[in-house]
Amino acid sequence: MEAVRRSSFSWRNLPALLVCIVVCELAGIIPSILTANDVATWYTTLQKPAFTPPSWVFAPVWTTLYLLMGVALYLVWRRGDKIALAIFVVQLILNAAWTLVFFGMRWPAGGLAVIVALLVAIGATMVAFWRVDRRAACCSFPTRCGWGSQPF
C-alpha cells in the first residue's frame with residue numbers, strides 16, 4: 001500500500017512540484033546574484049587548494065542540487081510532515097546564508113560557522129526526510145541511496 005501511494009503522480013500535482021523546485025532554485029540564485037561582484041573580484045584573489053574545481057563546474061552542479069532539493073521538498077510536502085518541512089526550511093535558509101556570509105560579507109570564518117550549522121541542518125533534514133519519504137532523503141544525498149538500483 002505504501003509503495004503504491006508514494007509512487008503515484010498526477011499531472012495536477014505538477015504546479016506544486018514546480019513551485020517547490022523554483023523556491024529551492026531561488027534560494028541559490030538570489031544570493032549568487034547579490035554576491036556576483038564579490039565572486040568575480042574578492043574570491044578570485046583568495047589562495048585556494050589545488051583540488052578546487054574550475055569555476056564553470058559550480059553552476060550546473062548547484063543547479064542540479066537545488067533541483068533535487070526541490071523534488072525532495074515536494075515529496076515531503078505531499079506527505080504534510082510539518083516538522084520535516086520546518087527542518088528543511090532551516091537548512092535552505094542556511095544554504096542561502098552561507099553565500100551571503102562568505103562571499104557577500106567576505107568573511108571566511110563566518111562562512112565556516114554557517115557551514116557547520118548547515119551540515120547539522122542537512123543531517124537533520126536527511127533523517128527527517130528518511131522517516132517521511134526515503135526518496136526525499138536520497139534527493140538530499142543521492143550517492144548514498146543507491147540511485148540506479150531502484151526506480152524513482
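This passage looks at a buried helix, an aromatic cluster and a nonpolar surface patch in a predicted model.

A good place to start is helix α4, which covers residues 58–79. Its 22 residues reach 32 Å from the first C-alpha to the last, close to the 32 Å expected at 1.5 Å a residue. Buried residues of α4 include Tyr-66, Leu-68 and Met-69, along with the run from Gly-70 through Val-71, Ala-72, Leu-73, Tyr-74 and Leu-75 to Val-76. Among the elements that cover these buried residues are α2, α5 (82–104), α6 (108–132) and α7 (134–140). Just after α4 comes Gly-80, with a positive phi of about 75 degrees.

Helix α5 also takes part in the aromatic contacts. The model holds nine aromatic pairs. In one of them, Tyr-43 and Phe-102 meet edge-to-face, at 6.5 Å centre to centre and with 70 degrees between the planes. Because Tyr-43 belongs to helix α3 (residues 36–45) and Phe-102 to helix α5, this pair ties together parts that are 59 residues apart in sequence. Tyr-43 also pairs edge-to-face with Phe-103, here at 5.3 Å and 75 degrees. That contact again links α3 with α5, across 60 residues. Tyr-43 counts as buried because its relative accessible area is 17%, and Phe-102 is likewise buried, at 13%. Phe-103 is buried as well. Together with Trp-42 and Trp-98, these three residues form one aromatic cluster.

On the surface, a nonpolar patch of about 630 Å² is made by Val-22, Leu-26, Ile-29, Ile-30, Ile-33, Leu-34 and Leu-100. Helix α2 (residues 14–34) gives the most to this patch, with six residues. Ile-29, found in α2, counts as partly exposed because its relative accessibility is 39%.

How values were computed:
Residues numbered from 1 in each chain as written. Predicted model: local features only at pLDDT ≥ 70, side-chain atom pairs only at ≥ 80, totals over all residues. Heavy atoms only, no water. Patch = residues over 30% accessible without salt bridge, like charges linked within 9 Å, V, L, I, M, F, W, Y side chains within 5 Å. Areas by Shrake-Rupley, 256 points an atom, 1.4 Å probe, with all protein chains shown as cover. Salt bridge = Lys/Arg side-chain N within 4 Å of Asp/Glu carboxyl O. Helix = DSSP H or I, 4+ residues; strand = E, 2+ residues; numbered from the N terminus. Buried < 20%, exposed > 50% of the residue type's maximum accessible area, 1.4 Å probe, protein only. Expected span 1.5 Å × (residues − 1). Contact = heavy atoms within 4.5 Å. Phe/Tyr/Trp six-rings, centres within 6.5 Å; stacked < 30°, edge-to-face > 60°.
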